[in-house]
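Here's a walk through the charged pairs of one protein chain, with a stop at a few odd spots and at the place where its domains meet. Have the viewer open while you read.

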Amino acid sequence: MTEKRTLLYEGKAKNLYLTDDDSIVLAQYKDQATALNGKKKDQISGKGALNNQITSLIFRELNRRGVPTHFIEQISKTEQLNTKVDIIPLEVVVRNYTAGSFSKRFDLAEGIKLATPIVEFYYKNDDLDDPFINDAHVKFLEIASDEEIVMLKENALAIDLILTDLFAKIDLKLIDFKLEFGRLPDGTIILADEISPDTSRLWDVDNNHVDKDVYRRDLGDLIPIYQRVLTDLQTEFEGK
């Protein structure tokens, strides 16, 4: 059995630990909720367990559909084992509808369906507030090559199709979401981090938020919202 050892990385939403296998890390999800790059922060009991279980279900499905990810297995309500990767310092955002910073940037109402999904890159750097960057910036910063930029975009759009279909089955619209990728020792790039209501905007049929905007915008209690997503996904995946 893989055993947790020393702390490798402490993040806002999870801690990563080394294990007795050099190629595997243990991710422990935290009950911490943050927004505005950590400027807003609270402890919300049960949040870590919900995000871990939701992410585990989604990553298991992505693995099943042939998307290479770092996910190995869920080992407790708050913990999962992941293949160790070097995280690429990019947040890859896919937008299907106008919302959030996109709406503010272009002075648009939220909820306008885009003709085609838009992929955006943000430089993963808290000190700089994760600035929006383009392909040329990605190359200048030596984050990824031309070929890798194309691959990241193609993978993000392929994942968008899968997630859009998956959430539609539980009556949720996938407004936008953030992905992170990592490199294996041989340079292969695979999906990493998490996919949860923390990293996705999800709206129900009445355009109510079913995501972290409930916390970000002080719209109510986060836990019943996340529990709904988990319960509906568990029902959808029964028998798979």
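Is Arg105 buried, partly exposed or exposed? With a relative accessibility of 33%, Arg105 counts as partly exposed. Keep in mind that what you're looking at is a predicted model.

**Arg105 and its partner**

Arg105 isn't on its own: its side chain meets that of Glu120 in a salt bridge, with 3.0 Å from N to O. This pair links distant parts of the chain, as Arg105 belongs to helix H2 (residues 100–106) and Glu120 to strand E10 (residues 113–123), 15 residues apart. The two ends of the bridge don't share a surface class: Arg105 is partly exposed at 33%, while Glu120 is buried, with a relative accessible area of 4%. Glu120 is classed that way because 4% falls under the 20% cut-off for buried.

Zoom out a bit and the pair turns out to sit in a network of salt bridges. Its members are Arg95, Arg105, Glu110, Glu120, Asp176, Arg201, Asp213, Arg216 and Arg217.

**More salt bridges**

Over the whole model, the count comes to 26 salt bridges. Here are four of them, with the N to O distance for each.

| Pair | N to O distance |
|---|---|
| Glu10 and Lys30 | 3.4 Å |
| Glu61 and Arg64 | 2.8 Å |
| Arg105 and Glu120 | 3.0 Å |
| Arg65 and Asp165 | 3.6 Å |

Take Glu10 and Lys30, whose closest N and O atoms are 3.4 Å apart. Glu10 lies in strand E1 (residues 4–10) and Lys30 in the loop between strand E3 (24–29) and strand E4 (32–35), so this bridge ties together parts that are 20 residues apart in sequence. Glu10 is exposed, at 53% relative accessible area, whereas Lys30 is buried at 18%. Since buried means under 20%, the 18% of Lys30 puts it in that class.

Glu61 and Arg64 make a more local story: both lie in helix H1 (residues 47–64), 3 residues apart, which is about one turn of the helix. Their closest N and O atoms are 2.8 Å apart. Here the acid is the covered one, with Glu61 buried at 4% relative accessibility, and Arg64 is exposed at 54%.

**Back to helix H2**

Helix H2 is also the place of Ser103. What is Ser103 in contact with, once its neighbours within four places in sequence are left aside? The list is Thr98, Leu108, Ala109 and Glu110. Ser103 itself is buried, with a relative accessible area of 5%.

Phe106 is found in helix H2 as well, and it is partly exposed, at 46% relative accessible area. Together with Leu108 and Ile112, Phe106 makes a nonpolar surface patch of about 260 Å². Note that Leu108 turns up in both places: in the patch and among the contacts of Ser103.

**Positive phi without glycine**

If you like checking backbone angles, try Asp193 and Asp218. Asp193 isn't a glycine, yet its phi is positive, about 65°. Its place is the loop between strand E13 (189–192) and strand E14 (200–203), and at 15% relative accessibility Asp193 counts as buried.

Asp218 also has a positive phi, near 55°. You'll find Asp218 in the loop between helix H5 (213–216) and helix H6 (222–237). Is Asp218 buried or exposed? Asp218 is exposed, with a relative accessible area of 63%.

**Where the domains meet**

The domain assignment gives domain 1 (6–83) and domain 2 (86–220). Taken over C-alpha atoms, their centres are 18 Å apart. How many residues of domain 1 are in contact with domain 2? There are 26 of them, and they meet 24 residues of domain 2.

The size of an interface is often given as the accessible area lost when the parts come together. Between domain 1 and domain 2 that buried area is about 2200 Å², with carbon and sulfur atoms giving 57% of it. Charge takes part too: 6 salt bridges are found across the interface of domain 1 and domain 2.

How values were computed: Residues numbered from 1 in each chain as written. Predicted model: local features only at pLDDT ≥ 70, side-chain atom pairs only at ≥ 80, totals over all residues. Heavy atoms only, no water. Salt bridge = Lys/Arg side-chain N within 4 Å of Asp/Glu carboxyl O. Helix = DSSP H or I, 4+ residues; strand = E, 2+ residues; numbered from the N terminus. Buried < 20%, exposed > 50% of the residue type's maximum accessible area, 1.4 Å probe, protein only. Contact = heavy atoms within 4.5 Å. Patch = residues over 30% accessible without salt bridge, like charges linked within 9 Å, V, L, I, M, F, W, Y side chains within 5 Å. Areas by Shrake-Rupley, 256 points an atom, 1.4 Å probe, with all protein chains shown as cover. Domains from an automatic or database assignment. Buried area = accessible area lost by both parts, 1.4 Å probe.
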